[in-house]
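Open the model in your viewer and keep the sequence panel beside it. The tour moves from one selection to the next and says what is there.

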Amino acid sequence: MSPFTKINRIKSPVFFAVVAALFVTLGAGGITALVMHKDVTLDIDGEQRAFGTMSSNVGDILAAAGYEVGEHDVVAPAADSAVSDGDTIVLRQAREIALTVDGDERTVWTTALTVDEALAQFQLDGDVYVSASRSHRLPLDGTDLEVVSPRTVQFADNGAPAAPVRIAAPTVGEFLKVHNVALEQADSVNIPADAALDEGMEIVVTRDRVESRIENLPIEAPQNRVDDPNMTEGETVLDHPGVPGERSVTFDVHTVNGVEVGRTETASNVLTEPQPATLRVGTMPKPAVPASGRASTWDSIAQCEATGNWAINTGNGFYGACSSRNRHGPRSAAPSTRRVPTWPPVNSRSRSREGSGRAGWGAWPSCTSKLGLR
């Protein structure tokens with residue numbers, strides 16, 4: 001027989017009175033619990049969640065939710081405030097920060113959630129340098145923050161004149177990073193990167209680079225020399241000038257602050273072959289110049305210019321052994337007879353010798369060249 005069947009067969013009035021009292025008690029407790037229950041919203045460091053409770057004040061509710069209110073924490077409403085159904089309880093838990101401002105160290109507490117909020121709470125200028133990202137969320141167990149105020153330095157880059165720059169940074173390396181100055185290849189700075197950034201410091205960046213360049217350059221035309229026995233030694237004639245070629249050349253070009261200081265050829269490719277030039281070179285020996293004095297020299301010139309006839313008259317208004325080349329008239333001609341062997345072609349004081357004194361051997365270019373006199 002089931003328990004419920006047995007209960008139904010009991011006829012005792014006392015039993016029914018006890019059962020009735022139990023149901024009344026349970027019903028009253030349920031109604032009381034229903035009246036005492038509250039649904040609240042907990043806002044803990046910016047994160048919200050619903051929380052059901054029978055407690056009647058903020059402190060008890062936070063404790064029931066697992067949060068202990070510390071000395072530096074901020075609670076709203078206050079911890080001893082009564083709470084109604086639907087209320088919101090805000091808790092901002094304090095963080096301990098080891099703060100260094102321009103070398104001055106101190107310990108502070110903040111309920112700020114991010115580095116940027118903490119800087120605002122400490123009333124630090126927004127242009128300061130801070131060792132952590134401004135959007136970084138501060139941890140509950142605390143952190144270290146270094147803050148540096150702006151400084152004005154003289155900055156020169158890539159050979160440009162120095163100019164003032166105001167930036168907040170603890171070191172020269174951080175200054176370059178904040179100023180978006182990247183160092184590549186053999187670039188250098190006149191001050192070590194870990195040196196402290198001081199007011200008025202002069203920072204110079206030198207750009208030392210090697211880059212590959214391709215240039216098209218001419219190829220000099222080669223020269224073919226052809227011996228010509230009909231021309232005197234020393235005479236040359238360019239029959240064909242030739243045509244330069246072209247090549248593509250790859251260089252490693254070394255520059256310092258944009259100025260080239262050296263280059264090394266690394267590759268070359270011929271684009272156009274050059275066409276050679278043709279040069280005829282005389283091979284006929286020059287006539288020997290007599291070594292017996294001025295008269296012998298004039299004999300040689302006369303032989304070259306007028307086949308040795310000192311008194312020849314070609315009908316062109318000039319006469320004498322060198323009439324074919326003399327352009328200064330009869331008085332400035334070479335001696336017309338063999339009787340004047342001492343008249344020199346230069347440095348003469350007489351009128352009859354002025355012309356040759358000015359022109360020198362150049363008055364007879366062909367023969368004096370062949371004789372080796374000039």
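Select D45 to begin: its relative accessible area is 6%, so it counts as buried (buried means under 20% relative accessible area, exposed over 50%, partly exposed in between, with a 1.4 Å probe and protein chains only). D45 sits in the loop between β1 and β2 (47-53); helices (H or I, at least four residues) and strands (E, at least two) are DSSP runs, numbered from the N terminus. Its phi is positive, about 50°, although D45 is not a glycine. Most residues other than glycine have a negative phi, and most peptide bonds are trans.

Before going on, some ground rules. This is a predicted model, in which local features need pLDDT of at least 70, side-chain atom pairs count only at pLDDT 80 or more, and totals for chains, interfaces and linings use all residues. Residues are numbered from 1 along each chain as its sequence is written, and side-chain values use heavy atoms, with hydrogens and water left out.

**The whole protein**

Zoom out and colour by pLDDT, the predictor's confidence in each residue, from 0 to 100. The average for the protein is 80, and 70% of the residues score at least 70. Where is confidence lowest, and where is it highest? The lowest mean, 44, belongs to helix α7 (residues 354-359), and the highest, 98, to strand β12 (residues 202-206). Over residues 321-358 pLDDT stays under 50.

The protein has eight helices and 18 strands. Of its 374 residues, 30% are buried.

**Strand β4 and its partners**

Select strand β4 (residues 88-92), where the side chains alternate. I89 and L91 point to one face and are buried, while T88, V90 and R92 point to the other and are not.

Add strand β1 (residues 38-44), which pairs with β4 in the parallel sense over four bridges; two strands pair if DSSP finds at least two bridges between them. D43 has V90 in β4 as its bridge partner. Then add strand β3 (residues 74-76), which pairs with β4 in the antiparallel sense over three bridges. There A76 has V90 as its bridge partner in β4.

Stay at A76 and look at the next bond. The peptide bond from A76 to P77 is cis, with omega near -5°. P77 lies in the loop between β3 and β4.

**Helix α3**

Select I61, in helix α3 (residues 58-64). Is I61 buried or exposed? Its relative accessible area is 0%, so I61 is buried. Beyond its neighbours within four places in sequence, I61 is in contact (heavy atoms within 4.5 Å) with V40, L42, F51, T53, S55, V83 and I89. F51 is ten residues from I61 in sequence and 8.7 Å away in space, C-alpha to C-alpha.

**Two nonpolar cores**

A nonpolar core is a set of buried Ala, Val, Leu, Ile, Met, Phe, Trp, Tyr and Cys residues joined through side-chain atoms within 4.5 Å. In soluble globular proteins, nonpolar side chains tend to be buried together.

Select I97, L99, F122 and V147, the residues with the most contacts inside the largest nonpolar core, which has 15 residues. At least two residues of this core come from each of β5 (95-101), α4 (115-121) and β8 (143-148). Apart from it lies another core, of 14 residues, including V153, F155, V165 and I191.

Go back to F122. Leaving aside neighbours within four places in sequence, F122 is in contact with I97, L99, V108, W109 and T110.

**An open sheet of three strands**

Next, show β13, β16 and β17, which form an open sheet in the order β13-β16-β17 with antiparallel pairing. The edge strands, β13 (208-219) and β17 (259-272), each pair on one side only.

Eleven bridges join strand β16 (residues 245-256) to β17. T250 stands opposite A267 in β17. In the loop between β16 and β17, pick N257. Phi of N257 is near 55°, a positive value in a residue other than glycine. N257 has a relative accessible area of 24%, so it counts as partly exposed.

**Last stop: Q223**

Select Q223, in strand β14 (residues 223-232). With 46% relative accessibility, Q223 is partly exposed. Not counting residues up to four places away in sequence, Q223 touches A277 and L279. Q275 is 52 residues from Q223 in sequence, and the two are 9.1 Å apart in space, C-alpha to C-alpha.
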